[in-house]
Amino acid sequence: MALEVAIEKQVDDFRLAVEFKADGAPVGLLGPSGSGKTMTLRAIAGLETPDRGRIVLDGRVLFDSDQRINVPARDRRVGVLFQSYALFPHMTVAENIAFGVRQLSSEERDRRVAEQLASGHVAHLASRYPATLSGGEQQRVALARALATSPAALLLDEPFSALDTHLRNALERQLRETLVSYGGSTLFVSHNLEEAYRVCSNLVVLAHGSVAARGPKEEIFRHPPALEVARVTGCRNFSRACRFADGRVEAIDWGCTLRVAQNFPKPPGHIAIRANHVRVRAWEASDAKNTENLFPCWLAATAEAPFRVTADLRIGTPPANPTDFHLQAEILKHEWESLRNVPQPWAVELAPDRLFLLPD
Amino acid sequence: MNWSAVVLSLRLAVSVAAILLVVGMPIAYWVTFSRWRWKFLVEAIVALPLVLPPTVLGYYILVGLGPRHFAGKLWQSWFGHTLPFTFGGLLAASVLYSLPFAVQPIAAGFDGVDRRLIEASWTLGASRLSTFFRVLLPLSMAGVVTGLVLSFAHTIGEFGVVLMVGGNIPGVTRTVSIDIYDQTQAANYDVANKTALVLLLFSFLVLAFIYGTSRRALGLWRRT
């Protein structure tokens, strides 16, 4: 079970050049909008023709520009769950699911449809039309329709983007269960990193039309190989960096010198830290002596979520205005309640093992 | 009341609508989905009957189908007679004249179908032909019905082209609209009035029936 993709395509001044492999476990295709995720997915499905390259699914060549092979979409056995679900509005749920299995004998067809209606938890909707279904129901029907054809690969194009948060969680769990029992290759396109992290074990991160990172998700989150990747994985604190001797790095934009634990052979372009790794507490008199990775900071602005507060902080001097800050720190609500009334400056600590360097 | 003219008009209009259903859909499909850069030229040609005076179109058809030109010669060598002033000639001219009335609504119908549905059909293993009949056509039925109704109605009402190409031969090319003109010229207002009224009522009933039934048929999957 493997999907191999190596394609290039030029569209106006956007250039897509991606190469990756997906075998068995679901692969998340992650990237900001306009990074080429959807185009890659369409090329695999046969809805878009690459200029050059090769797409192989389970040893079957679907596209090969050198051999002039371009298998039409209908013969690729690649199931697609479209972002908008694309259910046929003039057919009932059962007819939609039966659409791709018409060539089977009527008993086999009925069996497949019944199976998908049951496993998609949409049996009670069988005779309804798509216009009368909720977003979540439509999504389940669309997935059941794609799976009914037993595709060799399943492509999911931001399947949760049109849904409410409370629906997402339930549907996401259901999707994870479905993918476990599904035998083929799965490609999960998303710009939501947490979602992709939960659903997939391997990630491919796209930036500006090319692969910026690929590999096991934990590895990519721990050591993002590039600035774009760090950004896609949710990191918000970056500073241009310049190496000092003895394991120290100057953070140019933050105006401080930091000790880092990471052994980084290349010249660093940026230094970064995740907002939830930035520690903030009251400033104590003894802190003035301890200069390593500990700085006085002032609050520029806050954004409150139900359980966390994002604090925009400026190191060294008070901010001139609410947008004048260096770092964002994520602080749990109960910690914030005790910190908020403490006089500033506060102490911000950037732990050496939480800081990471990025190449230029 | 000239019943043979009424029957002739109906026969002509039904034939034109049927032919345009078969001919118009492939043209509309091509106009909608082709990415050829000179496509607009074909669209302009199809739309020509909308702007040309019927006499100009009739003139070209008359000359083109006549025995001196290629199409006319070909027809004559196959069937042994020329097309002008026959029902066949009238039919050919009417089809050309009503072409945009069929193609444009059908193309608009095709164009209104979400491309993602067509792509979804392909990824589910359906061929282009199967996708056409199972997805595109049912979803653009309103456009197709409109195209058929318009070409039918337009043919019933046409006058200039019929006169140019068909002449005025009773039972062969004398349609209702020409009959009414004749009767009016001859000051038979009573007959002209009756024929005109029959034509009016019939046209209204056909249109009302088709719009009514198609609306209900199309509305089914929107409601429940």
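In the next few minutes I will go through chain A, its two assigned domains and its contact with chain B.

Before anything else, please keep in mind that this is a predicted model, and that every value I mention was computed from it.

Let me begin with the overall picture of chain A, which is built from 9 helices and 21 strands and whose C-alpha trace spans about 80 × 50 × 35 Å along its principal axes. Chain A has 360 residues, of which 41% count as buried. If we take the contacts in chain A with a separation of 6 or more, residues 24 or more positions apart account for 64% of them.

Turning to the domains, the assignment for chain A places domain 1 at residues 2–228 and domain 2 at residues 235–360. As for how these two are arranged, their centres, taken over C-alpha atoms, are separated by 39 Å, and the contact between them draws 4 residues from domain 1 of chain A and 6 residues from domain 2 of chain A. On the domain 1 side of that contact, the residues divide into 3 nonpolar and 1 polar, with no charged residue among them.

That brings me to the partner chain, where 20 residues of chain A are in contact with 16 residues of chain B. Which strand of chain A gives the most to the side that touches chain B? That is strand 7, residues 78–81, which contributes 3 residues. Sorted by class, the side of chain A that touches chain B comprises 12 nonpolar, 6 polar and 2 charged residues.

Terms used. Residues are numbered from 1 along each chain as its sequence is written. Chains are lettered from A and ligands numbered from 1 in the order in which they are written. This is a predicted model: local features need pLDDT of at least 70, side-chain atom pairs count only at pLDDT 80 or more; totals for chains, interfaces and linings use all residues. Helices (H or I, at least four residues) and strands (E, at least two) are DSSP runs, numbered from the N terminus. A residue is buried if 20 or more other C-beta atoms lie within 10 Å of its own, exposed if 12 or fewer, and partly exposed in between; C-beta atoms are placed from the backbone. Two residues are in contact if their C-beta atoms, placed from the backbone, lie within 7 Å. Ala, Val, Leu, Ile, Met, Phe, Trp, Tyr, Cys and Pro count as nonpolar, Asp, Glu, Lys and Arg as charged, and the others, Gly among them, as polar. Domain bounds come from an automatic or database domain assignment.
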